[in-house]
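I am opening this entry to record what I looked up, beginning with how one pair of helices packs.

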Amino acid sequence: MNFEAITEAIPSYFAGVSVTLQLLCVALLFGLALAIPLGVARASNNRWLSWPVWAYTYVMRGTPMLVQLFLIYYGMAQFDAVRDSALWPWFSSAWFCAMLTFTLNTSAYTAEIIAGAMRAIPAGEVEAARSLGLSGWRVLTRIVLPSSMRRALPAYSNEVIMMLHGTSLASTVTLVDLTGAAREMNARTYLPFEAFVTAGIFYLALTFMLVSLFHFAEKRWLRHLAPRSQTVLQPIAIAS
Amino acid sequence: MLHGFLPTLIDGTGITLAVAFLSLVIAVMLGLLGAAARLSKVPLLRGMATVYTTVIRGVPDLVLMLLIFYGGQLAINAAALALGYENTLDIDPFVAGVATIGFIFGAYLTETFRGALLAIHAGQREAGLAFGMSRLKVFWRITFPQMIRLAIPGFTNNWLVLVKSTALVSVIGLTDMMHRAGMAAGATREPFTFYCAAAVIYLAITTVSLLGLGVLERRYSVGIRRAA
Amino acid sequence: MNLITRRTMAVVGLALLIVFASATYAQGKKIRIGVEGAYPPFSQIDPSGKLSGFDIDIANAICAELKAECVMVQQAFDGMIPALQSRKIDAVIASMSITEERRKAVEFSDKYYQTPARFVVKAGSRIDISGSGLKGKKIGVQRSTTHDKFATDTFKDAQIVRYTKQDEVFLDMAAGRVDAALVDMIAAQTGFLKTPQGKNFEFTGPVYEEPKYFGVGAGVAMRKNDVELRNDINKAIATMRANGTYKKIQDKYFDFDVYGKYVPSSPLAKK
């Protein structure tokens, strides 16, 4: 191990961490905002609402995020119509393309998580609310959503970790995130082992931080659902 | 069609599938071993398995792939040299890709299998032993079939994520379908066309997998009553 | 459980052995050559997935000269030297410039061609190629190339955008995501300027040949101290130059002398 080279590159790794976290936070924020209405539609009994969302999440979860990213970053630029449109200043930015891809991707997974949690709500909770005379909208916003968002926490924490890892793809479209910093160190020093082990340690630290954050959140908001199952990191794919 | 690149894409799909299936075999074996170690009474084994699953699941696939592809080869070279071999073992991108993905998903499957094994009531095993069955027989006749049923949902997830992860082997130089789509995109300057084609192929693999594993799940769930 | 663990362990061990045993031992005269496949006209793949180009023809000719069995391993450029060092490949024939910097890490043969580098910009953009003229501008380069190193060191106020493949630089150049690209002149001409996408682009600024950055031509890279292979390859290049094989190959691709003006400087001769 060449520790000197690692020490020298540490500042660029921290710069990479900042890019990684920015991408992660923005994508999660917008992704969640999209996922809530999508999840409600997906869990709805109305086929016209649930079916399009099913198709959307099926495609997003059935294809690699790398393909989605390349489609948006390189693919969009193939069309003159896009390049001449008012949207081009946005699409010409690698940062925007990466963020858009990550947002759409996480919104699909999160919508399924929320829909799953909504279906898992005991019928009694809803019936109790109805019998108190609450309107459909109120039942949704006051009872169903708060309760299912809490129940969705363990699964959502997995999704957040998967997204953290997913942001590493940003390095394939010229962004210098944490993985990008490692690739540049590798290209500069020809020390792949040192470069990627360092990146791995940074990612592990970030993962642990996020996991403990969610443990804390679960303790706070899921106390009533004891005994809790332990949060297990599992990739969440199409089957629910 | 596709400027003549269709055959090479289909060729690449074969490589993608080969990588996926072979790495699945390794992942299942590592997963069973890992689950056994995680549940073993030996603290050292438990510790090793925990470190394995924690580290692997805490680091992005892409980083692990780059690390194992380059670093793994360096380690093997060092080991070969220590054993006195002049010529080092040559690991081509295919073997490296399969080993790497197998190693990564072994960690995820360890947790899937562990969860499934834990969900089987201890009384069942005890009953088997009380009937005079050997431990092996108890495993094959009682624990294993139930574990499969319980593990199928998690297994399905992992398989689908694994298939999609194979797209990353293109980064380490394996000429899988994604790699060929990228090459064609560069050569024809039509990235949208070729990444769309790649997306459709991945979606087809996903769909076939879901249908197949759905059949398997129904087969192993015979006799399980489901709440409507 | 114990018995099962032991059995599974044996099975896994066996399987791993089979997997690894199927990977062959590097033996005798089998040379694995790292090539890029995304750098026309030097290295590209056709629709059937077949490799072609100047680098590929040179590689085949060298192998024929050495009477060696060669395997072409396609590999991203920034992974070439790491792959060489981890013994995944034995030689790199990928238009890699012979620079002092790289010489610290790998052994080079004599050059087998030499072409200069230049900036490509949108026609009529009037970007001034200087420290101040490129301030805040985006310069596209292929990662870990001489162009990358030179642009990074020289234009400190510009934003260097690094790509894994040369193709990607051109895709983003055409899309207008970078203001300028520093590229090999021949690769730029064949791979971009002469294609429909490149019709609104042009060369600008000086022609770069400075050996400190751009090296003394492209050579075959090998592991440090792989002296025997280097000597064999140097001999092969000299023979090909002498017996017309080189000319035949170069005429397939270029209507000028791609070998360039520098005379081969063999490190052996230097000693």
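I looked first at α4(B) and α6(B), which are roughly antiparallel to each other, a label I keep for angles over 145 degrees between N-to-C directions. In this predicted model, where local features need pLDDT of at least 70, side-chain atom pairs count only at pLDDT 80 or more, and totals for chains, interfaces and linings use all residues, I follow the given conventions. Residues are numbered from 1 along each chain as its sequence is written, while chains are lettered from A and ligands numbered from 1 in the order in which they are written.

For α4 (residues 93-118) and α6 (residues 135-165) of chain B, I noted a packing angle of about 150°, with the axes 9 Å apart. Among the residues of α4(B) that meet α6(B) are B:F105, B:Y108 and B:F113, and the partners in α6(B) include B:M147, B:L150 and B:F155, contact being C-beta atoms, placed from the backbone, within 7 Å. By class, I find 12 nonpolar, 6 polar and no charged residues in the contact of α4(B) with α6(B).

I then turned to chain B as a whole, which has 8 helices and 0 strands, helices being DSSP runs of H or I with at least four residues and strands runs of E with at least two. Its C-alpha atoms fill a box of roughly 70 × 55 × 25 Å along the principal axes.

Last, I checked the interface, where 34 residues of chain A are in contact with 39 residues of chain B. On the side of chain A that touches chain B, the largest share, 10 residues, comes from α11(A).

Terms used:
Two residues are in contact if their C-beta atoms, placed from the backbone, lie within 7 Å. Axes are lines fitted to C-alpha atoms, for helices over the stretch in contact, and angles run from 0 to 180 degrees between N-to-C directions. Angles under 35 degrees count as roughly parallel, over 145 as roughly antiparallel, 65 to 115 as roughly perpendicular and the rest as oblique. Ala, Val, Leu, Ile, Met, Phe, Trp, Tyr, Cys and Pro count as nonpolar, Asp, Glu, Lys and Arg as charged, and the others, Gly among them, as polar.
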